[in-house]
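Work through the exercises below with the sequence and the coordinates at hand. Each task is followed by a stepwise solution.

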Amino acid sequence: MISLRTASKLVMVSVLAAWIGGCSSFSLNGNTPVSQEPAAPPEIPSTIRADELVGRWGLAAYHKPEDRVRTENAARGQCRQPYVIGKGPTGGVIMHLADEATPQELRLKGSQSGKNYIGPAGPAGGPQDREIVSFDGRVLTTRFIDPDAATRYGTMVYVRCAPRA
């Protein structure tokens with residue numbers, strides 16, 4: 001028969017062993033264990049540079065692909081009140097996120113599929129990103145990744161405004 005004192009020691013040893021087993025930072029040899037978090041995938045640079053987007057743009061949007069040409073023409077007419085894409089302090093661009101009143105610095109991000117995105121720091125194609133559908137230096141077409149934002153905003157067409165005379 002086990003004495004009460006021996007039984008209480010066994011219970012304490014069992015509790016301590018269970019606690020140590022669940023503690024990821026415990027090390028019997030005093031060395032700090034190696035982190036078990038998976039490494040973030042390397043950031044893929046965008047094929048479009050932030051400097052290429054900085055400037056004044058006419059902006060319009062469409063929901064039906066057949067309205068694209070008409071929308072580009074409408075965007076050109078918006079240069080009287082241009083949407084300004086600024087240069088961010090850390091190499092990004094200053095633009096609005098969906099439903100945000102205040103513009104902020106966004107990153108240009110590439111992906112393994114070859115697509116380019118504009119959005120906050122994080123993996124390319126995140127829910128707050130917009131995909132760059134096309135860009136030829138004069139016309140930029142984007143679409144939000146978030147289905148709700150994409151439905152509300154449509155496909156956005158930015159047409160570069162002529163330099164001020």
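**Exercise 1. Strand pairing**

How many bridges join β1 to β2, and do they run parallel or antiparallel?

Two conventions come before the solution. The model is predicted, so local features need pLDDT of at least 70 and side-chain atom pairs count only at pLDDT 80 or more, while totals for chains, interfaces and linings use all residues. Residues are numbered from 1 along each chain as its sequence is written, and side-chain values use heavy atoms, with hydrogens and water left out.

Step 1. Strands (E, at least two residues) and helices (H or I, at least four) are DSSP runs, numbered from the N terminus. Two strands pair if DSSP finds at least two bridges between them.

Step 2. β1 and β2 are joined by three bridges and run antiparallel. Arg 56 has Val 84 as its bridge partner in β2.

Step 3. β1 is also joined to β8, by six bridges and again antiparallel; here Ala 61 has Met 156 as its partner in β8. Between β7 and β8 there are five bridges in the antiparallel sense, with Val 139 opposite Val 159 of β8.

Step 4. Taken together, eight strands close into a barrel in the order β1-β2-β3-β4-β5-β6-β7-β8, with antiparallel pairing. From one strand to the next the twist averages 35°.

**Exercise 2. The environment of β8**

Determine how many residues of β8 are buried, and on which faces.

Step 1. Buried means under 20% relative accessible area, exposed over 50%, and partly exposed in between (1.4 Å probe, protein chains only).

Step 2. Six of the six residues of β8 are buried, so the strand is largely enclosed by the rest of the structure.

Step 3. In a regular strand the side chains alternate between the two faces of the sheet. On one side of β8 lie Thr 155, Val 157 and Val 159, and on the other Met 156, Tyr 158 and Arg 160.

**Exercise 3. Aromatic pairs**

Classify the ring pair of Trp 57 and Tyr 158.

Step 1. Rings of Phe, Tyr and Trp (its six-membered ring) pair if their centres lie within 6.5 Å; planes under 30 degrees apart count as stacked, over 60 as edge-to-face and the rest as tilted. The count comes to three aromatic pairs.

Step 2. For Trp 57 and Tyr 158 the centres are 6.4 Å apart and the planes at 85°, so the pair is edge-to-face. Trp 57 belongs to β1 (residues 55-62) and Tyr 158 to β8, 101 residues apart, and the pair links these distant parts of the chain.

Step 3. Trp 57 and Tyr 158 are both buried. Ring pairs join Trp 57, Tyr 83 and Tyr 158 into a cluster.

**Exercise 4. The disulfide**

Which cysteines form a disulfide, and what parts of the chain does the pair tie together?

Step 1. A disulfide is a pair of cysteine sulfur atoms within 2.5 Å. The count is one disulfide: Cys 79 and Cys 161, with sulfur atoms 2.0 Å apart.

Step 2. Cys 79 lies in the loop between α3 (68-76) and β2 (83-87), and Cys 161 in the segment after β8 (155-160), so the pair ties together parts that are 82 residues apart in sequence.

Step 3. The torsion about the S-S bond of Cys 79 and Cys 161 is about -95°, so the disulfide is left-handed. Cys 79 and Cys 161 are both buried.

Methods
Axes fitted to C-alpha atoms, helices over the stretch in contact; angles between N-to-C directions.
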